[in-house]
Amino acid sequence: MTTSLPTPTLPAPGLRAPGIRRTGGAASSASSCSPELTTAPWTIDRRGPGYGPGASQEDRAPASAPVQGPVPEEYRNLDEDQLHARITAAKEALGERVMVLGHFYQRDEIVTHADFLGDSFQLARAALGREEAEYIVFCGVHFMAETADVLSRDDQAVILPNLAAGCSMADMADVAGVEDCWAQLTRVLAEEGGSLDTPDETGKVPVMPITYMNCSAALKAFVGRHGGIVCTSSNAAVVLERAFEKAHRVLFFPDQHLGRNTARAMGIGLERMPLWSPGKPLGGNGNTVASLEDSAVILWHGFCSVHKRFTVDQISAARAEHPDVRVIVHPECPMEVVDAADESGSTDHIRRAIESAPAGSTFAIGTEITMVSRLAAEHPEHTIFCLDPVVCPCSTMYRIHPAYLAWVLESLVAGEVVNRITVPEAEAADARLALDRMLEAVPR
Ligand code: SF4
């Protein structure tokens with residue numbers, strides 16, 4: 001049933017994922033982190049804000065988190081084959097007017113309909129690549145759809161099939177908290193009466209903001225206004241190198257682990273990476289202002305609950321059972337896990353490592369279970385398993401169910417745009433500055 005996907009060399013219009021369907025997944029597993037993973041997302045939508053079952057189920061969603069109303073009953077009553085047929089027919093009816101983007105962490109039943117499959121960096125570029133598309137249907141999470149809206153033309157509509165597909169990590173930093181942090185850092189790190197954006201006699205600014213792609217458009221706009229750059233897990237090292245050409249330090253948010261792992265790989269010591277806990281005076285560094293003055297990377301206290309699940313013990317167990325195993329983890333994992341692994345890299349790095357390995361290789365992977373399951377199905381010549389034995393997908397990626405995709409596509413066929421994601425133009429203009437710098441920082 002499952003076949004290998006084409007390499008998502010992007011942008012490459014026309015790249016389509018051939019028929020991948022129903023290779024199993026969280027809902028079919030007996031050993032999962034929540035029994036609710038067997039239920040349909042609309043049963044959760046009725047309960048209002050929250051990330052839903054999965055890795056982020058214990059995280060606190062902000063009151064501002066978008067809520068999705070239940071998908072129309074007609075779609076709730078369709079079985080998987082009927083949904084597949086209706087999505088296929090709607091896409092055919094729309095033709096080149098629609099482009100469906102799919103993140104690596106999406107369900108197989110969604111990926112099979114994606115024109116482009118990739119990580120957040122690749123999908124951001126793909127959003128630029130299909131000029132004739134009037135509609136970009138983004139099968140990913142909210143911040144990715146916002147990014148696509150910022151990068152696409154005004155007459156292109158970006159659609160998120162389920163508005164409740166947010167990201168708990170992205171929600172760990174908001175504009176008010178980052179503005180407050182910036183004001184406090186200005187008091188301790190800027191010249192008297194100056195700003196963090198003003199270069200000193202060396203030509204460098206005191207602090208440059210760097211945000212991981214996983215944040216709101218409003219925060220990308222903040223970064224753009226202050227001369228900073230957006231990064232992804234693919235190009236974080238290149239972005240940090242560029243930042244240090246112009247700044248003495250960076251404020252890195254929201255993911256502390258990506259920031260720490262990337263900076264340490266560049267040779268920056270942990271003593272130069274203080275943690276900023278939002279809501280605390282000086283981010284919890286009140287008694288040690290020197291740690292801010294001596295810092296190179298100020299790390300925001302954010303994390304991904306999917307990648308936080310991976311542990312050194314899991315790696316030890318994998319090595320005990322498979323002495324020749326190659327352990328690859330995502331850089332959103334905690335530092336000690338990255339240290340214990342053989343290598344770390346973005347989702348695209350993981351995919352390419354598996355594709356280029358000699359047949360008969362064994363991989364233990366530390367990233368989202370849906371992607372690992374798909375890679376295992378696509379590469380029967382290898383042994384591939386997820387480090388975490390408990391099936392616990394990303395709560396929000398999982399909320400893009402085929403019923404929502406069928407609904408938004410058939411609505412487009414009927415001439416109605418539902419679930420459009422729109423970033424106000426003033427915000428988009430600033431965010432575009434930071435995103436353009438990101439696109440220039442091509443991963444090595
Ligand atoms: S995997 Fe983590 S960072 Fe990615 S969307 Fe899910 S919660 Fe957010």
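Two residues are in contact if their C-beta atoms, placed from the backbone, lie within 7 Å. The exercises below use a predicted model, in which local features need pLDDT of at least 70, side-chain atom pairs count only at pLDDT 80 or more, and totals for chains, interfaces and linings use all residues. Residue numbers start from 1 along each chain as its sequence is written.

**Exercise 1. Describe the overall build of the protein chain.**

Step 1. Take the contacts with a separation of 6 or more: 69% of them in the protein chain join residues 24 or more positions apart.

Step 2. List the secondary structure. The protein chain has 17 helices and 13 strands, where helices (H or I, at least four residues) and strands (E, at least two) are DSSP runs numbered from the N terminus.

Step 3. Compare the radius of gyration with the globule rule. The radius is taken over C-alpha atoms, and the rule is 2.2 Å times the number of residues to the power 0.38. The protein chain has a radius of gyration of 21 Å, close to the 22 Å from the rule for 444 residues, so it is as compact as a globular protein of that length.

Step 4. Add the extent: the C-alpha trace spans about 65 × 55 × 40 Å along its principal axes.

**Exercise 2. Locate the domains and describe the side of domain 1 that touches domain 2.**

Step 1. The bounds come from an automatic or database domain assignment. It gives domain 1 (34–165 + 396–413), domain 2 (171–304 + 428–440) and domain 3 (307–386).

Step 2. Between the C-alpha centres of domain 1 and domain 2 the distance is 31 Å. Domain 1 puts 13 residues into the contact and domain 2 puts in 14.

Step 3. On the domain 1 side, α5 (120–129) and α6 (142–151) are the elements that give two or more residues. The most come from α6, with 5 residues.

Step 4. Sort that side by class: 8 nonpolar, 2 polar and 3 charged residues. Here Ala, Val, Leu, Ile, Met, Phe, Trp, Tyr, Cys and Pro count as nonpolar, Asp, Glu, Lys and Arg as charged, and the others, Gly among them, as polar.

**Exercise 3. Find backbone exceptions and state how buried Leu282 and Asn419 are.**

Step 1. Recall the background: most residues other than glycine have a negative phi, and most peptide bonds are trans.

Step 2. The peptide bond from Phe253 to Pro254 is cis, with omega near -5°. Pro254 sits in the loop between β7 (247–253) and α10 (256–265).

Step 3. Leu282 has a positive phi, near 50°, and belongs to the loop between β8 (275–276) and α11 (289–293). Asn419, also not a glycine, has a positive phi of about 60°, in the loop between α16 (402–413) and α17 (425–440).

Step 4. Apply the burial cut-offs: buried means 20 or more other C-beta atoms within 10 Å of the residue's own, exposed means 12 or fewer, and partly exposed lies in between, with C-beta atoms placed from the backbone. Leu282 counts as partly exposed because it has 19 C-beta neighbours inside 10 Å. Asn419 is buried because 22 other C-beta atoms lie within 10 Å.

**Exercise 4. Describe the shell around the ligand.**

Step 1. Count the residues whose C-beta atom, placed from the backbone, lies within 6 Å of the ligand. There are 14, and the closest are Cys167, Met169, Cys304, Val306 and Cys394.

Step 2. By class, the shell holds 8 nonpolar, 5 polar and 1 charged.

Methods:
Near = placed C-beta within 6 Å.
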